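Open your viewer and get ready to make a few selections. We will go from the sheet to a loop and finish at a pocket.

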Amino acid sequence: MAIVKKKIWPEYFEEVVSGKKNFEVRLNDFDISEGDTFILEEWDPNTKSYTGRNIEKKVTYVKS
């Protein structure tokens with residue numbers, strides 16, 4: 001099992017944290033498989049820096 005870290009903008013991060021958003025759509029530019037751990041790190045595009053908040057999710061489905 002792999003750990004994959006990706007940036008996520010604050011408005012989408014909040015939706016993931018609240019449970020409103022329970023999926024993530026990304027371009028297929030990295031390897032990820034069901035069972036991997038996906039770490040979403042909040043990224044502020046205005047300051048061009050990480051906020052320090054992140055959330056860890058288990059990948060349950062990957063569309064090919």
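Before selecting anything, a word on the labels: strands here are DSSP runs of E, at least two residues long, and are numbered from the N terminus. Keep in mind, too, that this is a predicted model.

**Stop 1: the sheet**

Show the backbone as a cartoon and pick out the strands. You should find an open sheet of 3 strands in the order β1-β2-β3, with mixed pairing. β1 (3-8) and β3 are the edge strands, and each has a single partner, so one side of each has no neighbour in the sheet. Now look along the sheet: from one strand to the next, the twist averages 25 degrees.

**Stop 2: the helix on the sheet**

Next, select residues 10-18, which make up helix α1. This helix packs on the sheet and touches β1, β2 and β3. Compare its direction with that of β3, and you will get an angle of about 35 degrees.

**Stop 3: β2 against β3**

Hide the helix for a moment and keep β2 and β3. How many bridges join β2 and β3? There are 7, and the two strands pair in the antiparallel sense. Strands of a sheet pair through backbone hydrogen bonds, so turning on the backbone atoms helps here. For two pairs to click on, try F38, whose bridge partner in β3 is K57, and T37, which stands opposite K58 in β3.

**Stop 4: the turn and P45**

Follow the hairpin round: 4 residues lie between β2 and β3. In the turn, select K48, which has a positive phi of about 55 degrees. Then select P45, found in the loop between these two strands. Is P45 buried, partly exposed or exposed? Its relative accessible area is 24%, and because buried means under 20% and exposed over 50%, P45 counts as partly exposed. Leaving aside neighbours within four places in sequence, P45 is in contact with W9 and P10. Now draw a distance from the C-alpha atom of P45 to that of G35: they are 10 residues apart along the chain, with 29 Å between them.

**Stop 5: the largest pocket**

Finally, turn on a surface and find the largest pocket, with a volume of about 750 Å³. Of the 23 residues lining this pocket, select E24, F38, V59, Y61 and V62, the closest to its centre. β2 (37-44) and β3 (49-58) each supply at least two residues of the lining. Colour the lining by class and you will have 11 nonpolar, 5 polar and 7 charged residues.

Methods. Residues numbered from 1 in each chain as written. Predicted model: local features only at pLDDT ≥ 70, side-chain atom pairs only at ≥ 80, totals over all residues. Heavy atoms only, no water. 1 Å grid on protein atoms, 1.4 Å probe; cavity = no way out; pocket = protein on both sides within 12 Å on 5 of 7 lines; lining within 4 Å. Points joined across faces, edges and corners; volume = space filled by probe spheres on them. Nonpolar A, V, L, I, M, F, W, Y, C, P; charged D, E, K, R; others polar. Pairing = 2+ DSSP bridges. Axes fitted to C-alpha atoms, helices over the stretch in contact; angles between N-to-C directions. Contact = heavy atoms within 4.5 Å. Buried < 20%, exposed > 50% of the residue type's maximum accessible area, 1.4 Å probe, protein only.
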